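The following exercises concern a pair of protein chains. Please work through each task before reading its solution.

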Amino acid sequence: MSADRVDFGEKVSLALTVNGKDYNVAVPVRRTLLDTLREDLNLTGTKKVCDMGHCGACTVLRDGVPVLSCLTLAVACEGAEFTTIEGLSGPDGELTVLQQAFIDCDGLQCGFCTPGQIMAGTALLKENPHPTVDEIRAGMAGNLCRCGAYQGIIDAVQQAANSAASK
Amino acid sequence: MARVVKTKVEIEGRVHEETVVIEGEELTPWEEGHDFRVVGKSVNRIDARERVTGAARYTYDMHPAGMLYAAVLRSPHPHARIVAVDTSRAAALPGVRAALSSANAPDIKWYSGHSKLFDSMVRFVGEEVAAVAADDMETVRDALKLMDVKYEVLPFITDMREASRPGALQIHPRGNVLKGDGGREGDLYSRGDPIAAFKSADIVVEATYSTSTQLHNSLETHGSVVMWEGDELTVWESTQYIYGVRSRVADALGMPVSKVRVICEYMGGGFGSKGQTLKQPIIAALLSKEAGRPVKLMLNRTEENTLSGNRGETIQKLKVGAMNDGTLVAIDLETLYGVGAYGGWAGAVGGPAKELYKCANVRTLTLGVRTNLGSHAAFRAPGYVEGTFALESALDEICDRLGMDPVEFRRKNYAEGDQTSDLGYTSKYLLESYDKVLELSGIGRENKLPAKGELGANGNWKRGIGIASQTWSGGGGPPAHALVRVNPDGTVEIMAGTQDIGTGTKTTLSQIAAEELGVPLESISFRAGDTQKGPFGPASWGSITTPSMGPAVRAAAADARNQLLEIASFFMEVPASTLVLQDGIVTIEGRPESRRPLKKILDEVGDYMVTGKGFRGPNPTQPLRTWGAQLAEVEVNMETGQVRLVRIAAAHDVGRVINPKGLASQFYGGILQGMGFGLTEERIVDARSGHVLNADLEEYKVPTIVDTPEMRVAGINRADTLANHVGAKGAGEPPIIPTAAAIANAIFNATGVRVTALPITPRRMLEALKANREEGKNAHV
């Protein structure tokens, strides 16, 4: 990647960790992290909605911090560690409290924005384990839901915060 | 014994007669007060786990081995003739496997035969010109840039008022204005004598209302993944209608329907736009055939917001007459409805004027107008959302002039029966909806709404409250079918050719099956969204799925239960009529100790699988409608023009409620889309280029979590046993209908200013406030 000129047809070898698993892939230099996850690693839980950084559906955690994978070039991810929606549940498939709360509070309808919502909510609760409703609204504002499941999403984040607090 | 009957079915304001095959006797209805074990209980979605873990596979996620990626080259001109198209430079690019254009595509007719899959005439920015499939998306993008197209650019129209004028440039072989009955322009309806009624009315309100083009913005774009195996084609399609896609694809490609399989197990939102079949599955199938490999062709966000459909804009000239005692006497409504380049019908904007209130003299005329823009498509209660805004605004104006409480006015003008047919309704609980919405809002059912300005202000923010009502169809009808399979281990599979587009269909129908069959909900798996797995199911549109599929699923479950009890009767040595199946256990009536788990009985018959079959019977002769009311409370900033929907109450009569949790979600979603329509959502077109300027999710403002108001919602939950034997009506569309109207009326209640154009953006609000101040000044001069 040190060359001044980049051949768009060129593929670059890339090492990254996703959900605890190490991958080595050759990706076109123009490819986003989102397309790499979905097309090269077959991790299709992360969704492509706008591909312009407007909607939050492609949110994943990079070293624990939420990023928009559609605005992240894959070649800029050498050595990084990612968590995607597929990496949240436990080894026997047990759901996180937030995932279960999304089910209980019906924080979803078609479910297409849900992986991004849950990744954003996971990051929010990590940073602020006891958010107020206004803090939930602000923290989740970058994730659009066209079905209008926002009320359930607010309830789900609250329920997850409360159930974590009661443990 | 099959027999053939004719029955009337209404889809989104358009009634047609359906010839249906009836396969047997109808079940008796679940009456009011029936003792339910599963129906009516709030349950979680049965497929929620897949949706929260990323395991749910949507069309966009399909990736058959060897799959290629594809995209379409689209016209940059709103009106042009394609003089030449040359894909050879693109085809020569390494990695490109197939290219398609009018030069090599088969002659497939489109838009009712007035155009082709790849036509030499393009009529909007975004119309298909050529397509390419390649090894990866990067190569596809490069190949599109190597397509050589020569256009002869033609004059165009994007303004529907201009397009509707006599002598306007004609942009379509059938003219700019859609023809209705008898070849006359537009859809005309009339009853009574409106002209005479306006003359004798004590008060007449007249205004022009307008609504903007709303974009569906389903989060999963329209798209297809296709795979050929020999002469059989599998199409994964993000659709509201798998069987519709099957017929359209088979017809276009000249194939028998049996050779086309359409799958949509998970779907990322449609809201009406995915009831139609766009060109992409056929383009993908042709590319795939040429390349000999599977092909994925998904629209990107810009394409989605340019060409996949929209709620057409309206301009409504409305005149309403009433007497001093509040009796409504006449309504006259003339509407221009933008259908884009190829839209074949206009939304039923006149519906609310005809049906919502008692009024003897009504005339409505709706003209669908073509322009050089992307075609409209059904969008959640098409026509009624737009028409309700205008009508309810005008009625609110009448209430203000008469000094009459808006709820009292609406109760006074309650229509007992259907005024378009003089028949009674199957059921109508609109008065109960008013009571409920007043109760939910905290006002109380006996109290009047606060008078104009009564709620006062908090700093610059003035507060107000407004009400609007709603009617809509939602009865569904035949044909709709289902199978219920009971496996040897006692597990149950429902096989149905319907699809769950996010509305919770699989969950609702599983509750109905569990209730009728007498098994726990957890034992049921629902196989939907695959034409090879389930018998015919209708499109998921028009709020028809629950009232159409519900009875079919219940009938299939009853058939399966009867067979199970016959089998049990042999082993338990009593007549089947004395046996009861409940919670998966068979008991001889009145003898609890006789209980035998279903599984134990099925063990006796080895690998035998019970298959129950069910159908949806004909509709009653009475008209069926859904009803409801919403009460909105807003704050208006008098300095900036911002409007906030603070809270909203919604009560709707959608028949028996099957899953209250799922129903609440439908109501929340409808309200939020209605709020977007009322306050923020507006497609912006550049009149000089014909391009959509905000075909994205940043400049096109869909509601966010920050905008979400406090919502209190309820279904009236009264069974409509005349409608169908499940007692449910449809619930998907009713909740979007009155929201924008209630908000606009609340704004008037807060400020005394009537805004007649949607969405009520800060700019429109400020302009209205300013105009009102100037009017007031002039009045005092």
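**Exercise 1.** Determine how many residues chain A and chain B each bring to the contact.

*Solution.* Two residues are in contact if their C-beta atoms, placed from the backbone, lie within 7 Å. By this criterion, chain A contributes 48 residues and chain B contributes 46 residues. On the side of chain A that touches chain B, the elements giving two or more residues are α2 (97-104), α3 (114-127) and α5 (150-165) of chain A; helices are DSSP runs of H or I, at least four residues long, and strands are runs of E of at least two, numbered from the N terminus. The largest share, 5 residues, comes from α5(A).

The model is predicted: local features need pLDDT of at least 70, side-chain atom pairs count only at pLDDT 80 or more, and totals for chains, interfaces and linings use all residues. Residues are numbered from 1 along each chain as its sequence is written, and chains are lettered from A and ligands numbered from 1 in the order in which they are written.

**Exercise 2.** Assess the span and the burial of helix α13 of chain B.

*Solution.* Helix α13(B) covers residues 505-517, 13 residues in total. The expected span is 1.5 Å times one less than the number of residues, so 18 Å is predicted, and the end C-alpha atoms of α13(B) are 18 Å apart, in agreement. A residue is buried if 20 or more other C-beta atoms lie within 10 Å of its own, exposed if 12 or fewer, and partly exposed in between, with C-beta atoms placed from the backbone. Because 13 of the 13 residues of α13(B) are buried, the helix is largely enclosed by the rest of the structure. B:Gly518, with a positive phi near 85°, follows α13(B).
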